[in-house]
Amino acid sequence: MRALVVDHSEAGPVRFADVDEPVPSAGETLVEIRHIGLNFGELNYVDQWPAGAVHGHDAAGVVVRAASDGSGPPEGTRVAVGMAPHAWAERVAVSPASLGTVPEGVDLADAAALGIAGVTPFRVLRKRSLLARNVLITGASGGVGHFAVQLAALAGARVTALVGSPERAAGLRELGADKVLTDLAETGDRFDLVLDTVGGPLVAQAWSSLAEGGTIHLVGYSSGQETTFPSGTLFGFGEPRSIATYGDMTPTSGELTDLLGFMAAGRLSAPVGLRGDWQDVDEAVQALFARKVHGKAVLDVA
């Protein structure tokens, strides 16, 4: 079968290759993949995976063989694959713990956009009450950012979306953002929670805008820049402020089920900013790297 594998050469980060068919264990489901969801991080930091390995973590498709131990969905079920290894292939053997059943009325391509981009902010934002709280989402025009804005608004937060340019602000107010900024200096608000996807100098700026008892939750570093805090800025009186890291790779089935339920109810939309055929993966990767994609890139597996 065909798959997208890790390529460490200049032609990378991924290339097509013929690979062996997956052989599911007793506790794994065999899924025929119909759509894959690309993520900036797994493409930009491809050196963290071995060359030749089937790449990707997010996809959607149909169960063609249920797990032989009786766990997981039956044959014919439409499923989303989230944060599972080796997902960018024609067929994938995957644990039911990484699957969410896609309800009627939800497009499989939209389900493929969930995974990392949907589960990450969902896990962060549900850690505390956000009702009437000020929440800042950085990199709000990306896949994680689009989901984060919607989920924070659903939780009752006053949402500020921060983007890199006015052109990348389109649609964020419609998703639930109360304010859309291109520079934190444009507001004097103090934030109870910052969900940061950018890293670099922006983290130090956000720290200066953090309310007493507030938290900056780091979920990405798309800027690739270092963060330096000016002397004395990490000292302060009042209720302690904090910076939290993110690296939760535990099974995603529960979160996928909840998010797909929001989609079916019309309360959450998939931020698919680029849709195409996986044969055109190189063009999709370059569009992601050039910051030309608002939201997620989803490719159809022919």
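I take buried to mean under 20% relative accessible area, and with that cut-off I began my reading of this predicted model at helix 3.

**Helix 3**

I found helix 3 mostly covered, with 10 of its 11 residues buried. The buried positions I listed are G115, A117, G118, V119, T120, P121, F122, R123, V124 and L125. I then looked up what lies over these buried residues, and the cover includes strand 4 (58-65), helix 4, strand 11, strand 12 (210-218), helix 7 and strand 15 (296-300).

**Helix 7**

I next checked the length of helix 7, residues 253-264: at 1.5 Å a residue its 12 residues should span 16 Å, and since its end C-alpha atoms are 16 Å apart, the two values agree. Its buried residues are E255, L256, L259, L260 and M263. Viewed down the axis of helix 7, these fall within an arc of 130°, so I noted that they line one face of the helix. That spacing brought the general rule to mind: an α-helix has 3.6 residues a turn, so residues three or four places apart point the same way. Tracing the partners of the buried residues of helix 7, I found that they pack against strand 5 (78-81), strand 7 (99-101), helix 2 (108-112), helix 3 (115-125) and helix 4 (143-154). After the helix comes G266, whose phi is positive, near 75°.

**Where helix 3 meets helix 7**

I looked at the pair together and noted a packing angle of about 95°, with the axes 10 Å apart. Because angles of 65 to 115 degrees count as roughly perpendicular, I recorded helix 3 and helix 7 as roughly perpendicular to each other. On the helix 3 side the contact is made by G115, G118, V119, F122 and R123, and on the helix 7 side by E255, L256, D258, L259 and F262. Sorted by class, the contact of helix 3 with helix 7 has 5 nonpolar, 2 polar and 3 charged residues.

I paused at D258, which sits in helix 7 and which, at 37% relative accessibility, counts as partly exposed. For a long-range check I took D258 and L4, which are 254 residues apart in sequence, and found their C-alpha atoms 29 Å apart in space.

**Loop residues**

I turned to T197, in the loop between strand 11 (191-196) and helix 6 (201-208), and noted that at 13% relative accessibility it counts as buried. Leaving aside neighbours within four places in sequence, T197 is in contact with T138, G139, V144, V219, G220, Y221 and S222.

G56 lies in the loop between helix 1 (40-44) and strand 4, and I entered it as buried, with a relative accessible area of 1%. Setting aside its neighbours within four places in sequence, I found G56 in contact with E42, A84, P85, H86, A87 and W88. The C-alpha atoms of G56 and V14, which are 42 residues apart along the chain, are separated by 9.7 Å.

H86, one of those contacts of G56, is in the loop between strand 5 and strand 6, and M83 is found in the loop between strand 5 and strand 6 (91-94). I noted a positive phi for each, although neither is glycine: near 55° for M83 and near 60° for H86. M83 counts as buried at 8% relative accessibility, whereas H86, at 44%, counts as partly exposed.

My last entry concerns the peptide bond from G12 to P13, which is cis, with omega near 20°; P13 is placed in the loop between strand 1 (2-6) and strand 2 (14-18).

Definitions and conventions. Residues numbered from 1 in each chain as written. Predicted model: local features only at pLDDT ≥ 70, side-chain atom pairs only at ≥ 80, totals over all residues. Heavy atoms only, no water. Helix = DSSP H or I, 4+ residues; strand = E, 2+ residues; numbered from the N terminus. Expected span 1.5 Å × (residues − 1). Buried < 20%, exposed > 50% of the residue type's maximum accessible area, 1.4 Å probe, protein only. Arc of directions from axis to C-beta. Contact = heavy atoms within 4.5 Å. Axes fitted to C-alpha atoms, helices over the stretch in contact; angles between N-to-C directions. Parallel < 35°, antiparallel > 145°, perpendicular 65-115°, else oblique. Nonpolar A, V, L, I, M, F, W, Y, C, P; charged D, E, K, R; others polar.
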